[in-house]
Amino acid sequence: MTAPIPLGMVGGGEGAFIGAVHRIAARMDGQFRLVAGALSSDADRAAASAQALGLDRSYDDFRQMARAEAGRPDGIRAVSIVTPNHLHAPAAVAFLDAGIHVICDKPLAATPDQARQIADAAARSTARFFLTHNYCALPMVREARAIVAEGGIGDLRLVQAEYLQGWLSGDVRSKQADWRTDPAQAGAGAIGDIGTHAWQLAAFVTGQTPVAVSAELSSMVPGRRVDDDVRASLRYASGARGGLWASQVATGRENGLSLRVFGTAGALDWRLDDAERLLHTPTGQPPRILTRAQDRSGSFRTPPGHPEGYLEGFANLYADIAAVIRGDNGPLSRLPGLADGLSGMGFIAAAQESSARDGAWVEVRP
Ligand SMILES: NC(=O)c1ccc[n+]([C@@H]2O[C@H](COP(=O)([O-])OP(=O)(O)OC[C@H]3O[C@@H](n4cnc5c(N)ncnc54)[C@H](O)[C@@H]3O)[C@@H](O)[C@H]2O)c1
């Protein structure tokens, strides 16, 4: 048994959402051991959170943590960044500059300038940068990608990606809502928070990224300072066309991510709320319902019929990241990273510009 990779975490203290998901995912396959953290902006809360989790080392500040861990023989080799978006860049730069691999949550950053800072740091670092667009690590999404790649739908014609949530339909106040509706901390609204997931998912499955968008971003809740609904039309260089709708004011919807793709020889239909099934309809034939029994990527831990989902998808990313850190570059082609993050930032910028110009077509620049 190989020793677990020592892991650190920035963010994810008491009351936080995604940090706990990363911790479960990181330990699911025994490949990582969380040993250090700068878990909160508040030093006392950081220390209390670290103690509750049994961490060996707690830091008040992530820059101090990066320096100290890089100087220890038993220091962390990777760090998970699970803070609000505006802190992704300063934290990622600190750890990349210290030679520590970064596992950062999406979106890449709050601003294009911050995204560039991460790209520059990654370019000069010996360490790698991973971005946790977790949905692309689900087994049936990986199978969908394989079907497209082997010609199972022919040439791509139409793409429809949706990510519908309703939890921000009102003037919600909570730890998670407060920073997401603050432009300084979030950067963008729904387009950054969930639109980038839909964008990355569509690109992952189809192997194509739109070259131009025409979009309308809206803020439906009075007083809200970020977008909470985005509708975008997409043009692909291949001639394919698409649509992306991401909303956090779709009343009653919980976490409704879905993707439909149509080609010259067939179609695929996948939904997160039925994540273990993929509908493949070859032209002129009845639909085929594929389950994990047909997944060829082996991205699961239990036999088909024993439901797996969100946490396991995250763990699939961590398993691949561990393999890469240990020197096996095989999983790199399916692991989301800097290019996905820059592409998502390009989508946000192009859609914002398009919306400001009343839906004009705007080229997407990564
Ligand atoms: N991949 C996904 O499915 C997914 C889901 C949810 C959130 N996210 C992303 O994860 C990130 C966090 O989202 P969340 O919902 O968990 O937010 P959250 O508000 O629940 O947690 C943020 C954490 O960061 C901490 N923090 C703030 N400033 C800090 C600092 N200076 N140093 C250390 N810690 C600090 C907070 O104390 C808190 O513990 C966001 O970038 C979000 O977009 C991704």
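1. The chain folds into eleven helices and 15 strands. The model is a predicted one, and the points below should be read with that in mind.

2. On overall dimensions, the radius of gyration is 20 Å, in agreement with the value near 21 Å that a compact globule of 366 residues would have. Along the principal axes, the C-alpha atoms occupy a box of roughly 60 × 50 × 40 Å.

3. The ligand sits in the largest pocket. Four elements each give two or more residues to the shell around the ligand: β1 (5-11), α7 (175-180), α9 (190-206) and α10 (310-325). Of these, α7 contributes the most, namely four residues.

4. The shell holds 30 residues, and those that come nearest to the ligand are I18, N85, H88, K106 and Q176. By class, the shell splits into 13 nonpolar, twelve polar and five charged residues.

5. Several polar contacts to the ligand come from the backbone. For K106, a backbone N or O atom is placed 2.7 Å from a ligand oxygen atom. For T83, a backbone N or O atom lies 3.1 Å from an oxygen atom of the ligand. At G12, the distance between a polar backbone atom and a ligand oxygen atom is 3.3 Å. As for burial, the ligand on its own has 850 Å² of accessible area, and the protein covers 92% of that.

6. Which peptide bond is cis? The bond joining K106 and P107 is, with omega at about -10°. Most peptide bonds are trans. P107 belongs to the loop between β5 (101-104) and α5 (112-124). K106, on the other side of this bond, is also among the residues that come nearest to the ligand, and its backbone makes the 2.7 Å approach to a ligand oxygen atom. Anyone preparing the pocket for calculation will meet both features at K106.

7. A second backbone point concerns D358. Its phi is positive, about 60°, although D358 is not a glycine. Most residues other than glycine have a negative phi. D358 is located in the loop between α11 (338-356) and β15 (362-363).

Technical notes: Residues numbered from 1 in each chain as written. Predicted model: local features only at pLDDT ≥ 70, side-chain atom pairs only at ≥ 80, totals over all residues. Heavy atoms only, no water. Near = heavy atom within 4 Å. Polar contact = N/O pair within 3.5 Å; in protein donor to acceptor, adjacent residues only side chain to side chain. Areas by Shrake-Rupley, 256 points an atom, 1.4 Å probe, with all protein chains shown as cover. 1 Å grid on protein atoms, 1.4 Å probe; cavity = no way out; pocket = protein on both sides within 12 Å on 5 of 7 lines; lining within 4 Å. Sits in = over half its atoms within 2 Å of the grid points. Nonpolar A, V, L, I, M, F, W, Y, C, P; charged D, E, K, R; others polar. Rg over C-alpha atoms; globule rule 2.2 N^0.38 Å.
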